[in-house]
Each structure stands twice: as C-alpha cells, then as structure tokens.
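Work through the exercises below with the structure open. Try each task before reading its solution.

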Amino acid sequence: MFLYNITLQRATGISHAIHGNFSGTKMQEIVVSRGKILELLRPDANTGKVHTLLTMEVFGIVRSLMAFRLTGGTKDYIVVGSDSGRIVILEYHSSKNMFEKIHQETFGKSGCRRIVPGQFLAVDPKGRAVMIGAIEKQKLVYILNRDAAARLTISSPLEAHKANTLVYHVVGVDVGFENPMFACLEMDYEEADNDPTGEAAANTQQTLTFYELDLGLNHVVRKYSEALEEHGNFLITVPGGADGPSGVLICSENYITYKNFGDQPDIRCPIPRRRNDLDDPERGMIFVCSATHKTKSMFFFLAQTEQGDIFKVTLETDEEMVTEIRMKYFDTIPVATAMCVLKTVSFYFLFLFIYLYQIAHLGDDDEEPEFSSAMPLEEGDTFFFQPRPLKNLVLVDESENLSPIMSCQIADLANEDTPQLYVACGRGPKSTLRVLRHGLEVSEMAVSELPGNPNAVWTVRRHVEDEFDAYIIVSFVNATLVLSIGETVEEVTDSGFLGTTPTLSCSLLGEDALVQVYPDGIRHIRADKRVNEWKTPGKKTIVRCAVNQRQVVIALTGGELVYFEMDPSGQLNEYTERKEMSADVVCMSLANVPPGEQRTRFLAVGLVDNTVRIISLDPLDCLQPLSMQALPAQPESLCIVEMGGVEKQDELGEKGTIGFLYLNIGLQNGVLLRTVLDPVTGDLSDTRTRYLGSRPVKLFRVRMQGQEAVLAMSSRSWLSYCYQSRFHLTPLSYETLEYASGFASEQCPEGIVAISTNTLRILALEKLGAVFNQVAFPLQCTPRKFVIHPETNNLIVIETDHNAYTEATKAQRKQQMAEEMVEAAGEDERELAAEMAAAFLNENLPEAIFGAPKAGAGQWASLVRLINPIQGTTLDLRRLIPLCRFASTGDDWFVLVGVARDMILNPRSVAGGFIYTYRLSSAGDKLEFMHKTPVEDVPLAIAPFQGRVLVGVGKLLRIYDLGKKKLLRKCENKHIPNLVTSIHTIGQRVVVTDVQESLFWVRYRRNENQLIVFADDTHPRWVTTACLLDYDTMASADKFGNISIVRLPPNTSDDVDEDPTGNKALWDRGLLNGASQKAEVIMNYHIGETVLSLQKTTLIPGGSESLVYTTLSGGIGILVPFTSHEDHDFFQHLEMHMRSEFPPLCGRDHLSFRSYYFPVKNVIDGDLCEQFNSMDPHKQKSVAEELDRTPPEVSKKLEDIRTRYAF
C-alpha cells in the first residue's frame, strides 16, 4: 500500500507574527508562522480586510521569527530560527510573489535541541547584527552588512556561549550607533546542579545579562550582569539613541521594571489587577505579549496580561533619566500570541493573532485612571481597575480560526450529497462546534425582486476610464430593463437602449460608446446619445453573439458569421466577407482586447456537431479556421480568459499581466473543460475536465483580485480562479444561480450581479483561497468528544474544563464576594458598598472576550450537551460519551459518559471514576438519567460490543452489561500496560490503544468469557487517536505528530490460549513479555502537528475513500492510496527531483523532517510535489524533462490526484 498526502486546509494556529515593509514599498505587511508554514499577509487600509499574499510550507518547525532592516534600507528581511540547525535570511520578491533564501548558515545539528541555537532571535534595532540563542549554553552573533552591489552579507558567527545557563528571553538593546548590545534573561544552574541538599536550587536567582558586540575587535563580551528580585518572563526594548532613554523593561510576575546602565535607578510598577476578580487572589499576574509603537515625537508600549487586559505603558523622562513608568488600562481583547502595531495612511492597526483592530483613540483624554510607579504603595499591594467593553479599539476583521480541533467527524447529516465535517474546536469559553462545507463563502450585498423572470443580466460602464459600473441591464423574454447604479439602483429610460426587445449581449465599445445586440440587429449608442442601427438581412435573426471592447461577432440563423470591428473614428465596420459554418452555432466567445492592441486574434465558436473551432480575426487571414477540438457532448457556453499571469511592465511603463490564454468550455452534460489556447498559432492543448453538476454549464467572466476569473453555473455555481500561482475551482456556498456578470461599485469593488428565478442579487466573495466555509455554534467549555445519534442525526457532545467554575460555583463565589464587600465597609459606607455589591452581581462580561476566571487546580466544570447540528439548537444540557444499544432492552439507545472524581493532572492522581448512564428519548432530543456506576480509575474509553459495552478503566479492559441499579461487570483483562485510551471493535476482535505502548489486538472468547491479547505492535507509540481500516489493519496517530498504519501478518491466528500457570515452553512465551504475534508496519509519516482525529471516508460524491486527519493546530489533510503502479512511480520520482531542486525554505532536509521519529515509509508528500507549480519556469522544465513529461502534464497529474479524492 502506497499513500499520497494532501493538505486540504492548512494549520490556522499562529505561533509568531512580525511586521515590516517586506515588499520594499510603503505598504506594511505581516509575516506569521503557523507551525511549519510561513505566511505573508497584507491588511487593506481601505476595507480593513487582511489578504494573504503568499503561503509557503517550510517542512521544518519555525521556532522564532524576526524582521530586520539594514541601516538606511527601505526593505525588511526575515530572519528565521528553526529546527534545521541553520540561520536563514529570506527576502520577499513581490514580482515573483515568493520568498527567496538569501543566506543559510549552518551552526549545529537539526532537531529542537536544548543547546542548538534557534529558539531565540534578537536583532540590533539599527540592523547591524543578529543574535540567535539556544535554550541553554549556546548563543551566536552574526554581523550583517552590505557589499558594493548593495546585497546583504553575513559574517561568520561570533560565540557568546556560557555553560550551565538557561535562557528565558533575548532582545537587542537600542543604543543608537554605539556598539550593538543584547540583553538576556538568564539563570545559572551550576550550583543547583552540584548541591545535593536542594538549598542552592531554592535560592537561584534570575539574572539580566548584557552582551556587547565590539565591532572594532570583532568579538562579543559579557558586559554586565545583575540578579533580579522577581522571576521575569520577557523583555521589552525601550527606544534609544535620539528617540528615547534606551534600556529595557522587564516583565515579571506582578511587576514591570525598567533597567538601564549607569546611575539610572530601577523603576518598578505593579501590574494592576481587576477589581472584584473571581480568580484566586494569591495567583500571580504576568504580561504575555507586547507591541511597541514609536513616532518621531513619542513612543508607547501596549502590553497584554494573561487575562487579556491591554495596558498602555509610557515612560516619563527627565534629562535622559527615566523617572516613572505610567500605565493606563486600554482595552480588553482575547489573549494574543503576538501583537503588531501597524501604521497605515491615517490609522493605527493592531494586528493580533487572528484579529485586526483599528486603534480609534490612543486613550489619552478619557476618564480611565492612570497608574504610576511614583504613587505610594505598600510592598505586595497593587492597583485595581474595572474592565469594560472596547472603547479605544474597533474590531475590523477577524479570520476564521479552527485551532485547536479537539475532535472531528465526517458525515452527511444535512443530506447535501457532499459530506460535511463536524468539528469541535476551541478552548474554554471560546469553544465552538463548527460545520465545515467545501465552498467559498458568499456575502449577500443586496437582493431585489424583479417584475418577471429575467433570462440574462449584464453591467456596463459609461467610459473606459470609469472605475465603477454605470448600468445594470436585465433582459426578459420580450423586454429589456436598464437600471442605473448610484446610491440606490433605479430604472432609467434615457440610456439609449431599446427596451421593447430582449437583449442578447451588451458592452462598452471603444472609449465611451455602448453596443446592444438584440435578435433583429445591433444598436450602437454613442456618448452624445446618437444611435446607429444595423438590421439583419431578410428573415434571418441573430442567434448568438460575442462582444468585447472593439469587436462584435454575430451568428445568424443557418450558421452564418458576421464580423464587425471598430475603426479609429469610433464607427463599427462590417468585414466584407461572411463565413458560413458547417452547422448551427450554439455558443461563441471573444477574449478581452489585450492592452495596447487593436483586437483580439481569436474567436471561439461552438457548433451543434459537438466541436469547438478557433477562428482567426487577424486582417491577414480573417475568419479562417485555425484549429478545432471534438467534445464528448454538445457545448453550452465558451469563455476565453487570461489567467495565472505575473505582473510585468512593458517599455512604456504600462503595467499589465502576461498570463496564459485559457478556453473554458461548459458542456450540456454538466462538465467543464479547460484547455490552453496557444497565443500564436491558436492550437488547443492540455485539457482538464471536472464534473460540476447536473445542469448545462454556463460560463461568465468576472474579476477577482485584479485578475480574470470564470464563474461557472450548473446545479451549483463554481468559481475558477488563480490564487498564489495555483488554480482553484471551488463551489460557492449559495443557492443555484442562472446568469451572472461582474459588478463594480464603491461599496463592492469586485462583486457579482446575478439572477435567481425572479430576483436580482449582488454578491461578493471575500475569502478567496479558503477551502471550507464554516458555520459556528458556541459551546461553554472545551469540547472533548462527540458522537452522532444515527437515527435523528443529533450530536451528543461532552465538554470539560480544568481550573474552571461551573455556573453554580461561579454564582456562589460572586455572592460570597459581594457579602464580603458589604462586611468590609465601615458604618457610614454601608449603603454605598451595598450598591456596589449589587452592581457587581448584575454585571456580566462575556467570557469569550474577557476570559474565564481560573478556579484553581483540581476544580473542573463539565457538561453533556445534545445538539442539532443543522440548526445549531441545543436540545438538552446535563451538567456534570459513546452511544450503544444493549441487547437486553430492545430498541432503546443509551448514552454512557465516563467521569473522573478529584482528578489532578500532574502528578497524576484520581479518587475514582463513574460511568453515568442516560437513556435517549425515542425522539432523540432528551437525555434521561438512569444510574451511575462507580469504578476504580478514570474511564477514558467506552465502546459498544455485541449488545454489551467495553470500558477501559485506567489500564483495565472490562465488559459491562446493563443492570437496574448500575452496570454489571462481566469480564476483564489486566494486561494493558499503562492506560487504555480508545477501543475499536470488529467482529470478535477488539483493538485497544494504550497511552504510550501503541496497539493491542484482543480476542473475546465467549465460551470461556475471556479477553485475550493475541497480537501487539513492536514500536512504542503515544497514541492519540486510531481508526480501523479493515479486519487486520489499523491506522493510528501519536502525540508527536506521526501517522502510522500497522497490519497483522496474514498468518496471524487470533485463537490463542493464555498461559496463567507459566508452564509452557519458553519459546512459546511471546516476545519481550508481549504478545506472541507482532503487527507489521505498513507506513510511517510525520505530519508535524499533533493529530487528534482520523477517519476513513469519502469526501466527494462518487469519489474514492481516503483517510482524513485533523490536527491540533487546525489543519485538515487526507492520505489517499495510489491506484496504479505508474502513478506511484511518477510521484516518487517527482518527489525525489523536488527534494533536490527546490529544498525547503528554512534549511531543513525534507526527507529527515518527514522521518522525524520513524523513517518515512510508503508515503509521498503531496505538499512538496505541489510546490512544483510555484517553481521558476526553467526549473519546472528541467524537472519535467527528467520525468519525460512537459510541465503542463505534471501539473495536470497533480490536479487529477487531488480532484479524484477531494477538492
């Protein structure tokens, strides 16, 4: 078995974010890393939306990112620290839209190791040096400069090692143009290591150490080191040189401290706490991330606490000395992993994890109290503030984030042919249950009813220079309606269009004239409303037409073609000859006139005899046929577009895109063909086919992101567009449409106007490149698992949070605090205190934004929820799961939920567990509690088995049956080593996964009532989830990000006897105390993200089966089997060439990344193969020649294997 890995949805969890001018223009961009992916985003200053410009898999773990700019430069470079043992410097090329590796310096072994640098990066603010550090011991400094040709150069590394030292954080200190300095939070553990009593360990202090790079002597010295009182968690650089006082801010538990060299005294300020907070008051408070913003005249910091409160921190200086730190409560937003403050034209944007906020006020003149380090406070006291909804920030954009996916099931519960993915994701109060469907999300801008059922719609501009459309033309069976677009859309009669006839097509002609083609002729409307008419000869009528900016082609009844072209004076001139076609014309298409040319050279005509012909419109051989293609069915519509272009500038400096011409052919049987049209000879080559739906396919040209795209309409609408140098063909998640046209207005610069029955709709597509659109239903706590009830399709979800309050305990705690407030007040303040207490009890801040209060270790909140996944309505909630039928009770369904009591996670201890049994009502919408069964340990896995139930209680595997008062224990097996994490049953066999010892195959022998382990695996695997593939084969995933498939050898017998007496011969005993039979490994593959669900399923109707996995960081991917040897052979060679020709960006070896824990076996990495499309054309050619193919054939193979199994 050979498999091919395809990623459907890349990971969404962000680990680092930096901002800068990476493209070298004035635009600010953001680079984020999502585990093993680098992504470049650009916020649009006008709309506030964030666009993705480029996404690259780096096949390595990005551990640190820094933006860095040489002194006096205008372009930022990206420095990446990864697990490759190399420092890599990347530059973004906007012309090619790709990252280019400028430097790659090797300094150590690969992998995330304690003493190999890569975890910490710090850059000198003036862009002269960069320090890369390990968690322990090693730190290297590279000097960066430019050579005579202004290229970036990098020096050999200078060492700043110190043994037995742990590093917590590193920053570059802003010292102006003096020798570069780096500040480190370190801890020396040498004494603690050598002292057996443990006293030294208790007294170890963190130190703040400054390292200076002496540019003259070219080496690094430890300049200065001092011990810190509190334990710091990160440093913030304070602007220096001409901009500020220099130095660093140390963020530590409960305090923020300013330190600098010289006679500067330390200034410290406590971190303010929320007033009347439900959290444990003894728990410390830390800052988790910060952003610095500086202008010519001032600077400030925004720092966020672990509860999500942002404070604006400013420093007061007096002649270069800092005198006080001032803090002011700014706003509360969800806790971020990284914050960047961006300057665009007139706004400050705060980019945050997945949210983009606009800073509306800088919070200088509001009533919020300001706290200062100069205010007198007793040691251990702090300031208090009142959290409130957003005031200074405005949420502008928020991108869909799936991370973390806790559990996923794929099923077609909504009866839509295509299965949906039901995903339980999120954490704490921000948890959601999401339904993912394949398709682009459509936002509806406007819907208006029309007087009848129209059959077509177009938009036209008044002048070629206009940015927006002026008219919408709607054609009915016997009339044409003209609507003008302004503040509102209203009917106009003076447009010059003929309203008493249906319209076949209309367009802007030349600079400012309009043309309307109707069955009896052509109407040419000049800008001054003069009208020229051309009437059809005799009894003939116009059946089909094609129009662009300068040309009109019409087909009369009987297959006669008439060609018109516009002359320089703006007149339409008929070409002298007419062309008789051999059959009736059913559809035709012209491409847009390329910039700087008089005409487009090709006309595509589809005929009744199932052919498409390309006809030349060049004056030299006008109306001569150039090429033809036979089709499997009759064509319905044609569309020639130019796609996949790269921006080029011609000699005059005119910007244009040079792409490829594609002819799209929609057939009457619902198939879309896309072929490449040769721009010189007109030959058709490289056809791709895709089945779209049951109705004939109509095609419309629209604009998306400044490029041409094709909207194809069958029983669903699809959009074919080019995004990040890859073609996408994605359905729209919207009802069936009948006709459409591109639409541009101020509110909606790239929209679509479409008709559906008797309504006119204006739509916009914003999230291009997205694979799924999602509907989210909020949950209260972190979802752990869910099951689907097969009869009513409802979901039963269990949700649990550690360190959290249930609703009841939270109300109780609030009541207790309110009473304390009243008691603490003196006699005269009683009434005021009572009012405050009442206000406190009434206020309810949404936990999804303000965070849930931490209750302390050992406190759990959990519930069981029954939910309808289509409407998202919660049918039943049970506070505090799999589904099974018992043989003894007929047809009732029961839900069993495993519950732990007093569970402490670390060190692990538990007071016992329970199994709660609920009966599901016959309608499937109510849970009725029956009884609970006490067990010794945590029941982590439950599975129905032959009318009874298998339960994994700690490391015991048991069979229970239903009793009146509790579940009755029937049988048990004690041979699982650590902890049963999941149970899968097939026939008489049971496959059990252990938390760290992989899989065990168990046979239930009914006659002896025994569970016997008859086979196991040879490798330890820390299994998180597993999935049955067939009677002998299991797929499993582990917590380190590997997926493996193991299979029992064909001669395995599950009819084995246990040997409790131990008097069997030694050689029969089994291997290494395990079972006597071992499973074989079929495949191993490292995904690079922890996989939490696996399922074997088909994703598209009529597709083949694939293994779908979802990961903790929000990624969704599939592993698909190869069906033929030559396919496998082709992809194996392609992968081999890609590894050598296009090595991963961050310097990690692809083969060793995919073999992180186990050598990769029998899996080909589709993510690497698909990077073929983003290589340089000459590299593509050389790789394709090695494979005896052409580049289009290679990309067709890549596209085919993708569409055969998924999207």
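**Exercise 1. A tryptophan at the surface**

Where does W1022 lie relative to strand 82 and strand 83? Classify its exposure, then look for a surface patch.

Solution. The model is predicted.
- Step 1: W1022 sits in the loop that runs between strand 82 (1010-1016) and strand 83 (1023-1028).
- Step 2: The relative accessibility of W1022 is 30%. Partly exposed covers the range between 20% and 50%. W1022 therefore counts as partly exposed.
- Step 3: W1022 joins F1040 and Y1157 in a nonpolar surface patch of about 280 Å².

**Exercise 2. Helix 4 and the loop after it**

Compare A837 with N844: place each one, then decide whether it is buried or exposed.

Solution.
- Step 1: A837 belongs to helix 4 (residues 830-842). N844 is in the loop between helix 4 and helix 5 (847-850).
- Step 2: A837 has a relative accessible area of 5%. Buried means under 20%, so A837 is buried.
- Step 3: N844 reaches 69% relative accessibility. Exposed means over 50%, so N844 is exposed.
- Step 4: Set aside neighbours within four places in sequence; A837 then contacts A818, M821 and V822.
- Step 5: Now take C-alpha separations. A837 and T257 are 580 residues apart along the chain and 34 Å apart in space. For N844 and C184, the sequence gap is 660 residues and the C-alpha distance is 42 Å.

**Exercise 3. The nonpolar cores**

How many residues has the largest nonpolar core, and which have the most contacts inside it?

Solution.
- Step 1: The largest nonpolar core has 60 residues.
- Step 2: Y4, F99, F1131 and L1134 have the most contacts within that core.
- Step 3: A second core is separate and has 48 residues, including V482, Y721, A754 and L760.
- Step 4: Return to Y4. Beyond four places in sequence, its contacts include F1131, I1118, L1119, V1120 and F1122. I1164, L1198 and I1201 are also among them.

**Exercise 4. The whole chain**

What radius of gyration does the chain have, and what would a compact globule have?

Solution.
- Step 1: A compact globule of 1207 residues would have a radius of gyration near 33 Å.
- Step 2: The chain has 34 Å, so the two values agree.
- Step 3: The C-alpha trace spans about 110 × 90 × 70 Å along its principal axes.
- Step 4: Of the 1207 residues, 54% count as buried.
- Step 5: The exposed area is about 51800 Å², with 49% supplied by carbon and sulfur atoms.
- Step 6: The chain contains 10 helices and 90 strands.

Conventions: Residues numbered from 1 in each chain as written. Predicted model: local features only at pLDDT ≥ 70, side-chain atom pairs only at ≥ 80, totals over all residues. Heavy atoms only, no water. Helix = DSSP H or I, 4+ residues; strand = E, 2+ residues; numbered from the N terminus. Buried < 20%, exposed > 50% of the residue type's maximum accessible area, 1.4 Å probe, protein only. Contact = heavy atoms within 4.5 Å. Patch = residues over 30% accessible without salt bridge, like charges linked within 9 Å, V, L, I, M, F, W, Y side chains within 5 Å. Areas by Shrake-Rupley, 256 points an atom, 1.4 Å probe, with all protein chains shown as cover. Salt bridge = Lys/Arg side-chain N within 4 Å of Asp/Glu carboxyl O. Core = buried A, V, L, I, M, F, W, Y, C linked by side-chain atoms within 4.5 Å. Rg over C-alpha atoms; globule rule 2.2 N^0.38 Å.
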